[in-house]
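The report below walks through the fold, the sheet pairings, the aromatic contacts and two serine sites. Please keep the sequence and the coordinates at hand while reading.

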Amino acid sequence: MACVMWGGHPPRLSSTSASSSTHRTYISSFTAFNLNSIALNHIISMKADANDVSTPMPVAESRQPSMLVFSGGTAFNGVVEELKKVTTRVAHVLPVSDDGGSTAEIVRVLGGPAVGDIRSRCLRLSDESTSEALAVRRLLGHRLSLDPLQAKAEWYEIVEGEHVLWNGVSRPYRETIRAFLVYFQNQILRRASENFCFGNGSIGNFFFAGARIFFQSLDAAVFLFSRVSHIPTDSLVLPVICTNDRLTLGCELWNGTVIRGQNEISHPTSGAVEPINKVVSSVPALPARIKRIFYMSSEGTNLLHEVFPAVNDSVLEQLKQVDCIVYAMGSLYTSICPSLVLHGVGETISMTPCLKVLLLNCSHDRETTNMTASDFVTAICDALNRKHGDPLKCLNNPPNTYVNVMLVPKGGQVPVDRQQLAAQGICHVIPQCEYSQDTSGLSVHQCCKGST
């Protein structure tokens with residue numbers, strides 16, 4: 001198998017804490033070898049078949065590869081840091097149905113879609129080449145204190161332009177950013193009957209929400225945030241649904257139970273302001289496995305309240321022309337599937353002749369307890385086929401029209417049932433490099449070992 005790197009050297013591992021080392025391992029090995037191999041079509045060797053839409057097409061070596069990534073706002077963020085060193089021609093597709101953290105408070109008081117995942121990705125893509133760029137990133141990435149009173153006091157200091165976070169931000173940027181923070185504050189004050197809690201609030205979320213309400217356009221808010229944070233011009237951050245309305249996620253379990261809200265599905269909390277914890281042992285288990293994810297009306301409580309929002313046209317346009325589609329690691333049902341169940345997504349992916357890569361999670365969470373690798377594939381394919389929804393709107397495409405490569409972290413907790421994967425038509429299962437805390441970089445040749 002040929003091994004090629006751009007730039008003549010492998011990306012280096014980011015410094016991490018021991019608790020996140022396994023996740024970072026996966027991140028670095030993916031970007032150091034597999035992305036390059038995907039881009040240059042060395043990751044798999046198969047005979048080209050013009051009639052087989054699951055056969056990847058070769059990528060020209062004279063340009064950066066183009067990718068589209070379905071992900072949430074957290075797990076894939078570390079990959080983004082390394083990915084920028086390899087290619088910037090990436091379309092990041094993100095859900096707008098999160099109802100946890102400071103996003104939940106914004107949606108509760110001001111309504112509208114959840115912007116936390118989009119804000120998080122824009123910040124990861126943001127420029128870091130100058131001191132001012134770093135200052136803007138620090139400001140928009142800042143979170144207020146968990147204590148509501150301390151958070152409110154700090155927020156007033158920021159919105160009044162007196163906080164130290166403004167140091168290093170030039171007057172044009174300061175006035176632009178502060179104008180939308182002030183507008184956000186005014187929107188809060190206009191809703192006197194609501195008591196907005198600033199605890200653990202994200203300044204970037206407040207700026208984003210202010211821009212969306214001012215322009216009455218999610219697209220315009222994404223554009224503004226992208227320009228202020230200086231993300232690469234050929235990188236796209238795409239909300240999977242463009243709307244100014246609140247979107248609520250629902251899930252149906254195999255025992256018939258319906259759960260409303262992403263937070264309740266993935267990591268239910270006590271209702272107090274607290275950091276999100278998705279560790280499987282920290283939350284009660286679901287009473288049954290998840291059957292499907294769907295959207296429901298903002299006040300809905302059961303299957304009769306299912307709604308069918310339209311997918312962002314830009315997502316479908318990008319899907320038709322990219323060299324590689326990636327289903328990222330993360331919360332399978334609440335971060336990845338919300339982008340897949342929309343009408344048109346399954347149809348477009350099944351007809352796009354490119355590499356379609358699943359990054360298998362390192363571990364289980366509340367949504368995926370006891371699931372195997374082939375179960376992850378089944379969940380993705382069922383979502384894209386809309387198998388358990390309206391029978392008149394469902395598809396019947398085989399798994400390998402949606403996934404044809406799987407990257408698996410060595411030492412991961414999710415069992416890799418290769419025979420079942422082969423039965424699904426997925427024969428290219430590629431283990432990732434092992435990691436030691438002292439490793440400062442991974443060469444391509446290290447990563448080649450063990451590929452099957």
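Two strands are taken to pair if DSSP finds at least two bridges between them. On that basis, 4 strands of this predicted model form an open sheet in the order β5-β4-β6-β7, with antiparallel pairing. The edges are held by β5 (258-260) and β7 (306-307), each of which has a single partner strand, so one side of each is left without a neighbour in the sheet. Between strand β6 (residues 290-296) and β7 there are 2 bridges, and the two strands run antiparallel; within this pairing, tyrosine 295 stands opposite valine 307 in β7. Helix α12 packs on the sheet, where it touches β4 (248-253) and β6, and the direction of the helix makes about 60° with that of β6.

**The chain as a whole**

The protein chain has 16 helices and 11 strands, and of its 452 residues 54% count as buried. Among contacts between residues at least 6 apart in sequence, 74% join residues at least 24 apart.

**Parallel pairing around β8**

Strand β8 (residues 324-327) has Cys324 and Val326 pointing one way and Ile325 and Tyr327 pointing the other way, and all of these residues are buried. Strand β1 (residues 67-70) is joined to β8 by 4 bridges, and the two run parallel; here valine 69 has valine 326 as its bridge partner in β8. Strand β9 (residues 355-359) also pairs with β8 in the parallel sense, over 4 bridges, and in that pairing tyrosine 327 stands opposite leucine 358 in β9.

**Helix α12 and serine 335**

Helix α12 (residues 332-340) is mostly covered, since 9 of its 9 residues are buried; among them are Leu332, Tyr333, Ile336 and Leu340. Serine 335 is found in this helix, α12, and at 7% relative accessibility it counts as buried, because the cut-off is under 20%. Not counting residues up to four places away in sequence, serine 335 touches Ser71, Gly72 and Pro95. Its C-alpha lies 6.0 Å from that of serine 71, although serine 335 and serine 71 are 264 residues apart in sequence.

**Aromatic pairs between α7 and α8**

A pair of aromatic rings is described by the distance of the centres and the angle of the planes. The count for this structure comes to 16 aromatic pairs, and two of the edge-to-face pairs are set out here.

| Pair | Centre to centre | Angle between planes |
|---|---|---|
| Phenylalanine 180 and phenylalanine 214 | 5.6 Å | 85° |
| Tyrosine 183 and phenylalanine 214 | 5.4 Å | 90° |

The pair of phenylalanine 180 and phenylalanine 214 links distant parts of the chain, for phenylalanine 180 lies in helix α7 (residues 171-190) and phenylalanine 214 in helix α8 (residues 203-215), 34 residues apart. Tyrosine 183 likewise lies in helix α7 and phenylalanine 214 in helix α8, so their pair ties together parts that are 31 residues apart in sequence.

How are these rings placed with respect to the surface, buried or partly exposed? Phenylalanine 180 is buried, with a relative accessible area of 11%, whereas phenylalanine 214 is partly exposed, with a relative accessible area of 45%, and tyrosine 183, at 25% relative accessibility, counts as partly exposed. Ring pairs link these residues into a cluster that consists of Phe180, Tyr183, Phe207, Phe208, Phe214, Phe215 and Phe225. A ring contact of another kind involves phenylalanine 308, over whose face lysine 393 lies at 4.5 Å from the ring centre.

**Serine 229**

Phenylalanine 225, a member of the ring cluster, also takes part in a contact through its backbone, as its oxygen lies 2.6 Å from a polar atom of the side chain of serine 229. Serine 229 is placed in the loop between α9 (218-228) and β3 (236-239). Is this loop residue buried or exposed? Serine 229 is buried, because its relative accessible area of 6% falls under the 20% limit. Leaving aside neighbours within four places in sequence, the residues in contact with serine 229 are Cys122, Ser126 and Asp127.

Technical notes
Residues numbered from 1 in each chain as written. Predicted model: local features only at pLDDT ≥ 70, side-chain atom pairs only at ≥ 80, totals over all residues. Heavy atoms only, no water. Buried < 20%, exposed > 50% of the residue type's maximum accessible area, 1.4 Å probe, protein only. Polar contact = N/O pair within 3.5 Å; in protein donor to acceptor, adjacent residues only side chain to side chain. Contact = heavy atoms within 4.5 Å. Axes fitted to C-alpha atoms, helices over the stretch in contact; angles between N-to-C directions. Phe/Tyr/Trp six-rings, centres within 6.5 Å; stacked < 30°, edge-to-face > 60°. Lys NZ or Arg CZ within 6 Å of the ring centre and 35° of its normal.
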